[in-house]
Structures are given as structure tokens and as C-alpha cells.
Amino acid sequence: MFVCSLCEKETCYVSKFCNKCRRIKHFLNLYNDRVYDVLDNVLAREQDKQENKVSLEIQKEIKINQDKIKTRSQYNNNKKLLDLEKNKN
Ligand SMILES: [Zn+2]
């Protein structure tokens with residue numbers, strides 16, 4: 001019983017690589033350096049997208065909270081006006 005030589009996480013009983021890493025090895029045999037290029041491009045872009053997504057989500061959250069505050073303050077102002085009107089009568 002060994003640990004996979006590539007990911008160093010999965011346990012291997014027969015070969016040097018676990019099943020998932022054997023697929024990577026297979027791609028390396030088929031596509032050579034193209035695998036590294038694809039991994040660099042895709043993973044780098046994925047990171048950007050993740051950051052954009054996080055940023056967008058934070059902006060959305062801020063907008064929702066601002067709207068809540070605005071709505072609550074408008075409600076409170078309207079209630080104050082109504083109370084004032086009631087007290088007049
Ligand atoms: Zn592995």
C-alpha cells in the first residue's frame with residue numbers, strides 16, 4: 001500500500017498513481033506540454049472568475065443592505081408623519 005506519487009493523498013495498492021492521477025498521466029502522454037498550458041490558463045482564469053464572483057456577490061449584498069436600510073428609514077419617516085397627523089386630530 002502506497003501513497004499516490006502525484007497527488008500524495010490517495011492510497012494506491014498496485015500502481016504509482018491513484019485512479020484520478022492516472023487520468024492526468026494519460027493526458028500528459030497524449031498531449032505533452034499542452035496539458036501544462038491548459039492547466040495554467042484555465043486555473044488562472046478560474047481564479048479571476050472566482051474573485052469577480054466574490055466581488056459581485058459582495059456588491060449585491062451591500063446593495064441589498066442599503067435598500068433595506070433605505071426602506072426601513074422611509075417606513076420610519078412615514079410612520080412618524082402618520083403619528084404626527086394622528087396627534088393633530
Ligand atoms: Zn493521485
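Helix α1 is hardly covered: none of its 13 residues counts as buried. The helix runs over residues 19-31. Its end C-alpha atoms are 19 Å apart in this predicted model. At 1.5 Å a residue the expected span is 18 Å, so the two values agree. Among the elements of the protein chain, α1 has the highest mean pLDDT, at 94.

Cysteine 21 is found in helix α1. A residue needs 20 or more other C-beta atoms within 10 Å to count as buried. Cysteine 21 has 19 C-beta neighbours inside 10 Å, so it counts as partly exposed. Leaving aside residues up to four places away in sequence, cysteine 21 touches Cys4, Leu6 and Cys7. The C-alpha atoms of cysteine 21 and cysteine 4 are separated by 7.9 Å. Along the chain these two cysteines are 17 residues apart.

Asparagine 32 comes just after α1. Its place is in the loop between α1 and α2. Phi of asparagine 32 is near 50°, a positive value in a residue other than glycine. Asparagine 32 has 10 other C-beta atoms within 10 Å, and is therefore exposed.

A positive phi also occurs at glutamate 8, where the angle is near 60°. Glutamate 8, too, is a residue other than glycine. Glutamate 8 is found in the loop between β1 and β2. Strand β1 covers residues 2-3, and strand β2 covers residues 11-12. With 9 other C-beta atoms within 10 Å, glutamate 8 is exposed.

Helix α2 takes in residues 34-88, a run of 55 residues. Its expected span at 1.5 Å a residue is 81 Å. The end C-alpha atoms of α2 are 80 Å apart, which agrees with that expectation. The number of buried residues in α2 is zero, so the helix lies largely in the open. Among the elements of the protein chain, α2 has the lowest mean pLDDT, at 85.

Asparagine 52 lies in helix α2. This asparagine has 10 other C-beta atoms within 10 Å, so it is exposed. The C-alpha atoms of asparagine 52 and lysine 80 are separated by 42 Å. These two residues are 28 residues apart along the chain.

The secondary structure of the protein chain comes to two helices and two strands. Read along the sequence, the pattern is β-β-α-α. The radius of gyration of the chain is 29 Å. The globule rule gives 12 Å for 89 residues. The computed value is well over that figure, so the chain is more spread out than a compact globule. Along its principal axes, the C-alpha trace spans about 90 × 30 × 15 Å. Buried residues make up 1% of the 89 residues.

The domain assignment divides the protein chain into domain 1 (1-44) and domain 2 (47-89). The C-alpha centres of domain 1 and domain 2 lie 50 Å apart. As for confidence, the protein chain averages a pLDDT of 88. A score of at least 70 is reached by 99% of the residues.

Methods
Residues numbered from 1 in each chain as written. Predicted model: local features only at pLDDT ≥ 70, side-chain atom pairs only at ≥ 80, totals over all residues. Helix = DSSP H or I, 4+ residues; strand = E, 2+ residues; numbered from the N terminus. Expected span 1.5 Å × (residues − 1). Buried ≥ 20, exposed ≤ 12 C-beta atoms within 10 Å, placed from the backbone. Domains from an automatic or database assignment. Rg over C-alpha atoms; globule rule 2.2 N^0.38 Å. pLDDT = per-residue confidence, 0-100. Contact = placed C-beta atoms within 7 Å.
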